[in-house]
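Q: Please take a close look at one part of this model, a sheet and the helix that lies across it. A connected account in formal terms would be appreciated.

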Amino acid sequence: MSDLYEALVKIVGKDYASNHHEERYFYGRDPGLMTPHEADYVVMPRTTEEVQEIVKLANKEKVPIVPKGAGLALTGLVIPLKGGIVMDMKRMDKILEVNEGARYVVVEGGVSQGALREYLKEHHPNLRHSVPEAPPITTIAANVVIHGQGRLTNQYGFNSDMVNGLEVVLPTGEICKIGSCSVGPYWFSKGPPLPDLSGLFLGWLGTTGILTKVGLKLYPKKKIKDLEIFVTDKEELVPDIIFKITHTEMVEDLAIWAQERPLMFRGNYHINIFITADSADELEMKRKMIYDSVQEYIDSKDAGFMTMNLDMRREFMDNPQKSMTAFADVRRGGGFEYAGPIIPLELYPECARKVAELAVKYRVVYGGSGRVIHGGHCMMFSFAYAFNRADLDEMGRARGALHEAAEFVADKGGVLWKPNIDEQKIMMERMDPNTLKLMMDIKKLLDPNGIMNPGNWEVK
Amino acid sequence: MQQQDYVSQIHRCFRCGYCKFPTDYSSFNCPPYRRFRFDTYSTSGRLWLIYAWLKGEIEWSEHLAEVLYTCTTCKNCTEQCPMKFAPDIVDWIVGARSDMVEKGRIPPRVAHFFEAVYGYGNPLKLLRSDRAAWANGTKMYAPGDEYLLYVGCLGSYDENGQKMARSLADLLNAAGVSFGILGSDEECCGNEVYMLGEMGLFQTLVEKNNQKFKELGVKKIVTICPHGYNAIKNRYPALGASFEVYHYTQLLNDLVEKNKVKPSRNKAKVTYQDPCFLGRYNKIYEEPRQILRSIPGVELVEMEKNRADAFCCGGGGGNFVMDLLAGGEESPARVRVREAYATGADTLAVACPSCLTMFTDAVKAEDLDGKLAVKDISQILRESLPAKKR
Amino acid sequence: MTSKGYDAGHDVQKRNIDDMVKFGAEYCVFNCPACWDPLAEKVARRGIKPIHIIDLCKLAIGEKQAVEVTA
């Protein structure tokens with residue numbers, strides 16, 4: 001295997017290939033609950049060509065490759081389940097092009113959410129992208145590969161819906177352009193009007209190729225933003241409330257949260273309604289439309305808008321929301337993981353009850369939150385459980401709660417998002433057999449040697 | 001927070017990565033992460049590896065030591081970490097280092113650092129008797145003098161640091177300040193020794209220094225180096241010291257405000273590096289800037305990352321001697337010099353001899369000799385005095 | 001606004017602040033955070049300085065105002 005190390009050093013240079021135990025250990029785990037597995041090597045390529053060379057080498061040697069951004073999906077998707085090479089993409093950090101008129105950006109596969117946000121702020125202040133609440137080190141590429149969501153998801157869909165083109169290195173080493181960029185210089189579409197090949201990569205958790213470039217839609221950035229919070233203690237009303245609010249088509253982002261602590265929040269379901277505008281008049285118009293849309297609930301006293309202090313407002317409006325990350329330390333143990341199934345809104349009440357019920361059953365602390373996707377066609381519901389990393393028993397209980405949550409939602413017809421291998425199994429067990437066969441055939445076609453993030457999306 | 005608490009707390013890091021950034025996310029602000037780019041070299045990597053070492057999941061190795069000792073203790077992570085334990089992060093790393101020292105598991109460079117300080121009173125392994133060689137007749141401290149000017153190891157021995165010491169001494173003399181130095185009786189302040197985890201040696205240094213300060217009846221100490229300022233102000237009291245402690249920029253600012261030092265013209269476009277031990281550690285951001293603004297002709301421009309977001313020069317944690325972050329364009333000092341040059345400044349002002357020496361070398365490596373001058377604030381102020389006043 | 005809806009709430013707030021402007025108030029002193037949160041910024045936008053009673057006391061004893069809200 002030391003020949004393999006030398007070969008990797010030849011490709012990326014001595015400074016960016018490691019076979020030290022420290023890197024193999026650290027890159028063999030993530031902050032979630034999945035069982036770690038050490039890598040054999042860790043590399044950090046700088047160019048698409050280096051990525052290609054590494055992939056060709058891995059094919060030749062039949063060694064697994066696991067591409068990695070920040071590893072903050074928390075569901076173990078960057079853990080090299082069968083060892084091999086972990087490819088840390090974060091040195092590929094150039095922002096290549098912004099086309100203002102067509103509102104898109106092209107970034108390399110390791111560009112972070114934070115870097116793009118700052119770049120746009122400085123150079124294109126009238127444009128923004130859909131920033132997830134995950135920490136800013138998370139990458140654009142990894143986020144679209146797992147169908148992530150962000151602050152514009154209510155308006156425009158999953159962050160992967162906002163992809164405008166890809167450059168991928170296939171598992172067999174070819175470099176491939178996907179979308180309009182495959183026939184010309186523009187990155188305005190990931191597929192249409194051509195056959196949409198982006199579906200071969202988005203959602204496949206790194207098992208069908210490595211994204212070395214991503215074209216991403218940008219959206220208008222307005223001058224003013226504000227937040228209203230609508231609160232009810234009746235979870236069964238939430239779907240209709242969302243339906244009514246989304247009917248206005250005036251809302252940027254809709255997030256729903258419920259938590260046990262502080263006590264003032266217990267028993268309530270809070271709907272964060274983010275609005276933006278270029279003028280005070282526009283903002284007030286939107287605010288009034290939203291208030292009017294839920295007037296019946298205000299009149300029946302089943303719900304109402306909540307006042308909030310400036311600190312709370314500032315925290316919520318921050319994007320990414322740094323305070324959300326602090327949930328990891330509620331058990332003074334640096335850990336949380338969440339099952340974030342995608343569900344129709346009508347399942348919200350059951351999920352809202354279930355997340356709390358499982359917390360009691362497994363004696364873990366929970367956070368139940370959700371984000372409305374594309375005007376309410378569906379939503380992400382998060383069963384989040386915190387744990388103390390130094391308490392193996394608590395980690396086990398959190399795992400139990402997550403597993404039961406996943407089974408519960410899957411039985412109801414929800415679809416598990418960025419599934420860990422346990423959840424992948426739950427999905428595949430329930431999948432239409434022809435759909436599953438199609439998935440496996442595609443995987444086999446693209447990755448005949450089974451080197452790309454093996455262990456994931458595999459029928460055992 | 002005692003260092004040993006780290007054993008029960010260090011698992012709390014979530015590896016969220018906020019520690020890699022400044023307040024905005026425009027670039028990386030953790031010096032070893034910027035230099036090496038493996039996640040292991042960021043704070044979260046370091047904390048997770050220490051925890052793994054505690055659990056016996058990894059063994060001590062030279063590579064682990066490299067990861068551990070490339071931390072310059074700049075506290076960017078403390079500033080940015082969203083968790084309640086953020087103020088303790090550097091203490092945890094120091095705690096782990098201290099455990100490793102106890103077990104004798106330290107790499108050669110760190111061992112040499114300790115040996116030099118123990119044997120020679122300074123990490124550069126230069127003769128004690130030469131400690132005041134820079135002094136040019138600067139007066140020795142005598143009981144009744146208002147200030148003890150604590151020169152520090154870099155001010156005493158480093159070529160660049162000595163220039164700082166001389167220009168500061170000249171300024172204080174010109175302003176009629178009553179002060180003196182300890183000369184070869186001065187011991188290393190121990191700040192880096194503490195940060196590297198040699199608590200026994202640190203205690204010895206503190207005791208020796210405290211003893212001398214007490215014997216001489218010292219009430220006020222002014223330091224050249226922010227590392228010394230940090231140690232004497234924040235760590236010495238726990239071991240029995242009680243003095244007023246100032247950094248020289250605080251004293252100079254006071255003198256300028258009271259017109260005891262009257263700068264005349266000095267045309268320069270200046271940008272200022274906030275030293276970690278003055279800025280993030282002790283929240284002193286404005287006095288150095290006030291001095292610069294008081295000089296007619298000086299235009300002060302800020303680097304994008306300044307004050308609590310300043311990017312460390314890479315010299316902390318003993319690295320101004322051990323230089324574990326050297327090599328290549330991404331060594332922190334070279335990165336920062338490029339950032340300084342990008343402001344359009346012709347002068348990079350510093351308030352720390354470690355920054356001074358790191359940036360002086362980096363300017364050469366970046367081929368900016370003649371384009372970007374690196375000077376400390378006392379040098380800039382001294383140059384702005386009318387010739388006969390200097 | 002929270003319990004009656006946009007128009008009713010907006011109307012009450014406007015009448016409140018119109019009153020303050022009519023009587024030439026320079027400051028609006030708040031006693032209660034639940035009033036401060038929805039009104040402080042709106043008051044500031046109409047040219048009146050919002051201040052919490054705690055901050056008024058701080059100013060009276062020569063300390064600095066802790067919370068400032070401007071238009």
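A: In this predicted model, helix α3 (residues 48-61) of chain A lies across β8, β9 and β10 of chain A, running at about 50° to β8(A). Helices (H or I, at least four residues) and strands (E, at least two) are DSSP runs, numbered from the N terminus. Axes are lines fitted to C-alpha atoms, for helices over the stretch in contact, and angles run from 0 to 180 degrees between N-to-C directions; two residues are in contact if their C-beta atoms, placed from the backbone, lie within 7 Å. Residues are numbered from 1 along each chain as its sequence is written, and chains are lettered from A and ligands numbered from 1 in the order in which they are written. Local features need pLDDT of at least 70, side-chain atom pairs count only at pLDDT 80 or more, and totals for chains, interfaces and linings use all residues.

The three strands under discussion belong to an open sheet of 5 strands in chain A, ordered β5-β6-β10-β8-β9 with antiparallel pairing. Two strands pair if DSSP finds at least two bridges between them. At the edges stand β5 (95-99) and β9 (175-178) of chain A, each of which pairs on one side only. From one strand to the next, the twist averages 10°.

Within this sheet, β8 (residues 163-169) and β10 (residues 210-217) of chain A run antiparallel and are joined by 6 bridges. Opposite A:G165 stands A:G215, a residue of β10(A).

Elsewhere, 12 residues of chain A are in contact with 10 residues of chain C. On the side of chain A that touches chain C, the elements giving two or more residues are α8 (280-293), α9 (295-299) and β15 (303-306) of chain A.
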